[in-house]
Amino acid sequence: MNPPAIVLVRPQLGENIGKAARAMLNFGLSDLRLVNPRDGWPNPSAGPAASGADIVLERARVFATVAEAVADCPFVYATTVRKRGLVVPILTPEQAAVEIRSQAGASAILFGAERSGLETEDVAIAQKIVTVPINPQFGSLNLAQAVILMAYEWSKHEQLAVPTEGDEAEPRATQEQLEGLIGQFDEALAAAGYYFPPDRIPATRKTMRTILSKAGWSNREIQALRGMIRTLVQPRRRG
């Protein structure tokens, strides 16, 4: 069924990690990934808050970066109440759940730290943003609430038909493969002097990342694009 991975980015309190694990297991999710938890891992405060969802905590994996945490996932969603200046599709939790259920390949859902949420650089890794239509005068969900909302929506659409790998013409590229393309393209642009003026470099890099992330490349297409870039940077000698 390819249940999505829940990725907590820089979570602060062990209690909140435990509550998120409890929310996950309530709706059949168990793949918990932690990016730089503030108080390290394992955290003794997580177990009591999980209320029996120990299997989720025991299987939890820790990563240094968001990119590493979602490297095996072709589909990445970022939960945030703000667009943060990124031109990417915005979905409701229900729309995201339906999409996750209907596609073959691993998915990951990103959740930010309790106080600050996801940073712009974190959101830029995702192909789509998930925003909860809540009260604009009080747009505050705690971490476990956000996780349980997404887990519930995913569980609710269990009866949707899910394609098998053979239903896709080509396998979707993983996030790791996409990061390889973005890194190679970035190096080629920098070497060619494309990034100018200096104060616009971060914004230009963000635009480049967004363009490449939105396409939904297949594994073969990524390989072909990387070969094209290599040839442009180092043309083959003729004769």
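The paragraphs below lead through several helices of this predicted model, their packing and some local backbone features.

A good place to begin is helix 8, which covers residues 175–191. Its 17 residues, counted at 1.5 Å a residue, should span 24 Å, and because the C-alpha atoms at its two ends are 24 Å apart, the expected and the modelled lengths agree. Its buried residues are Q175, L178, E179, G180, L181, I182, Q184, D186, A188 and L189, a list that includes the charged residues E179 and D186. An α-helix has 3.6 residues a turn, so residues three or four places apart point the same way. The cover over the buried residues of helix 8 is drawn from several elements, among them helix 4 (66–69), strand 4 (75–79), helix 6 (120–125), helix 9 (201–214) and helix 10 (219–233). After helix 8 comes G193, whose phi is positive, near 75 degrees.

Of these covering elements, helix 10 can be followed in detail. Helix 8 and helix 10 pack with their axes 10 Å apart and at an angle of about 15 degrees. Because angles under 35 degrees count as roughly parallel, helix 8 is described as roughly parallel to helix 10, and the crossing between the two is left-handed. On the side of helix 8 the contact is made by Q177, L178, G180, L181, Q184, F185 and A188, while helix 10 contributes N219, I222, L225, R226, I229, R230 and V233. Sorted by class, this contact of helix 8 with helix 10 comprises eight nonpolar, four polar and two charged residues. L178, G180, L181, Q184 and A188 appear among the contact residues of helix 8 and are also listed among its buried residues.

Helix 9, another of the elements that cover helix 8, can be looked at through two of its residues. S213 lies in helix 9 and is buried, with a relative accessible area of 5%. When neighbours within four places in sequence are set aside, S213 is in contact with A124, Q127, L178 and I182; of these, L178 and I182 are listed among the buried residues of helix 8. A203 is also placed in helix 9, but A203 counts as partly exposed because its relative accessibility is 26%. The C-alpha atom of A203 is separated by 39 Å from that of E58, a residue 145 places away along the chain.

The next helix to consider is helix 7, residues 143–156. For its 14 residues a span of 20 Å is expected at 1.5 Å a residue, and the C-alpha atoms at its ends, 20 Å apart, agree with that value. The buried residues here are L143, A144, A146, V147, M150, A151, E153 and W154. They are covered by elements that include strand 1 (5–9), helix 1 (14–26), strand 4, helix 5, strand 6 (107–111) and strand 7 (128–130). Strand 4 is thus named in the cover of helix 7 and also in that of helix 8.

The packing of helix 7 against helix 5 (residues 93–102) brings their axes within 8 Å, with a crossing of roughly 50 degrees. That angle makes helix 5 oblique to helix 7, and the crossing is right-handed. In this contact P93, E94, A96, A97, I100 and R101 of helix 5 meet L149, M150, E153, W154, S155 and K156 of helix 7. Its residues divide into seven nonpolar, one polar and four charged.

Some backbone features in the loops complete the picture. Most residues other than glycine have a negative phi, and most peptide bonds are trans. Against that background, a cis peptide bond joins W41 and P42, with omega about 5 degrees, and P42 sits in the loop between strand 2 (32–35) and helix 2 (46–50). A cis peptide bond also joins F196 and P197, with omega about 0 degrees, where P197 belongs to the loop between helix 8 and helix 9. N36, although not a glycine, has a positive phi of about 50 degrees; it is found in the loop between strand 2 and helix 2 and counts as partly exposed because its relative accessibility is 44%. S51, likewise not a glycine, has a positive phi of about 50 degrees, lies in the loop between helix 2 and helix 3 (54–59), and at 48% relative accessibility is partly exposed.

Methods
Residues are numbered from 1 along each chain as its sequence is written. This is a predicted model: local features need pLDDT of at least 70, side-chain atom pairs count only at pLDDT 80 or more; totals for chains, interfaces and linings use all residues. Side-chain values use heavy atoms; hydrogens and water are left out. Helices (H or I, at least four residues) and strands (E, at least two) are DSSP runs, numbered from the N terminus. The expected span of a helix is 1.5 Å times one less than its number of residues. Buried means under 20% relative accessible area, exposed over 50%, partly exposed in between (1.4 Å probe, protein chains only). Contact means heavy atoms within 4.5 Å. Axes are lines fitted to C-alpha atoms, for helices over the stretch in contact, and angles run from 0 to 180 degrees between N-to-C directions. Angles under 35 degrees count as roughly parallel, over 145 as roughly antiparallel, 65 to 115 as roughly perpendicular and the rest as oblique. A crossing is left-handed if the near helix is turned anticlockwise from the far one by less than a right angle, and right-handed if clockwise.
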